[in-house]
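Biologist: I am new to this structure and would like to go through some of its charged residues with you. Could you show it to me before we begin?

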Amino acid sequence: MTPAAPDREPLPLTAVEALAREAHATQTDKAGRPYAEHLQAVAEGVRARGGDDEQIAAAWLHDSVEDAALTEEWLRDAPLTPRTKAIVRALTKIPGESPQAYAERVLATPGARLVKEADLAHNADPARLAVLDDTTRARLTAKYAAMRALLGLR
């Protein structure tokens, strides 16, 4: 793992998971499921794709700043490696940002593409999409396919 700040060790994955679960405890996904289920699926997807501990930590936290579950200030000061923080920042969408600009940032950040691949895989899971209304399902399916193409994913 890349070293964290010189005066402290990065949080272990179990602590990152607990923190993410607590931060998102009141949130649900589009289907009304606890949001932590999505975070767990993305973390497991990263692990299954050969991701390392820094990428798995980022998977647990990938939506934390974007969804206002945690702040950018928290992320800046958190006992995480610089690489984990960079991946979380890369995956945090900026209001008004184009999909192309977002994809470029993900591709320019070492380790971020794998985390986004796992995120898109879970978001586009047919079983997960099946519970949504037709309009939402079609919109999201097209959105996820477009992002996969921008990232060069099959």
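Biologist: Does K30 count as buried or exposed?
Modeller: In this predicted model, K30 sits in the loop between α1 (13–23) and α2 (35–48), and together with K93, R139 and K143 it forms a patch of positive charge on the surface. Because its relative accessibility is 56% and the class begins over 50%, K30 counts as exposed.

Biologist: Which residue does D29 meet in a salt bridge?
Modeller: D29 belongs to the loop between α1 and α2, while its partner lies in helix α8 (residues 126–129), 99 residues away, so that the pair links distant parts of the chain. D29 is buried, with a relative accessible area of 12%, and the partner counts as buried too, at 18% relative accessibility. The side chains meet at 3.0 Å, N to O, and the partner is R128.

Biologist: How far apart are the closest N and O atoms of D119 and K116?
Modeller: Both residues lie in helix α7 (residues 112–123), and because they are 3 residues apart they are separated by about one helical turn. D119 is buried, with a relative accessible area of 5%, and K116 counts as buried at 5% relative accessibility. The two form a salt bridge whose closest N and O atoms are apart by 2.9 Å.

Biologist: Which residue forms a salt bridge with R137?
Modeller: The two partners are 3 residues apart in helix α9 (residues 134–150), about one turn of the helix. R137 counts as partly exposed at 24% relative accessibility, whereas the partner, at 55%, counts as exposed. Their closest N and O atoms are 2.2 Å apart, and the partner is D134.

Methods:
Residues numbered from 1 in each chain as written. Predicted model: local features only at pLDDT ≥ 70, side-chain atom pairs only at ≥ 80, totals over all residues. Heavy atoms only, no water. Patch = residues over 30% accessible without salt bridge, like charges linked within 9 Å, V, L, I, M, F, W, Y side chains within 5 Å. Areas by Shrake-Rupley, 256 points an atom, 1.4 Å probe, with all protein chains shown as cover. Salt bridge = Lys/Arg side-chain N within 4 Å of Asp/Glu carboxyl O. Lys, Arg positive; Asp, Glu negative; His and termini not counted. Charge placed at Lys NZ, Arg CZ, Asp CG, Glu CD. Helix = DSSP H or I, 4+ residues; strand = E, 2+ residues; numbered from the N terminus. Buried < 20%, exposed > 50% of the residue type's maximum accessible area, 1.4 Å probe, protein only.
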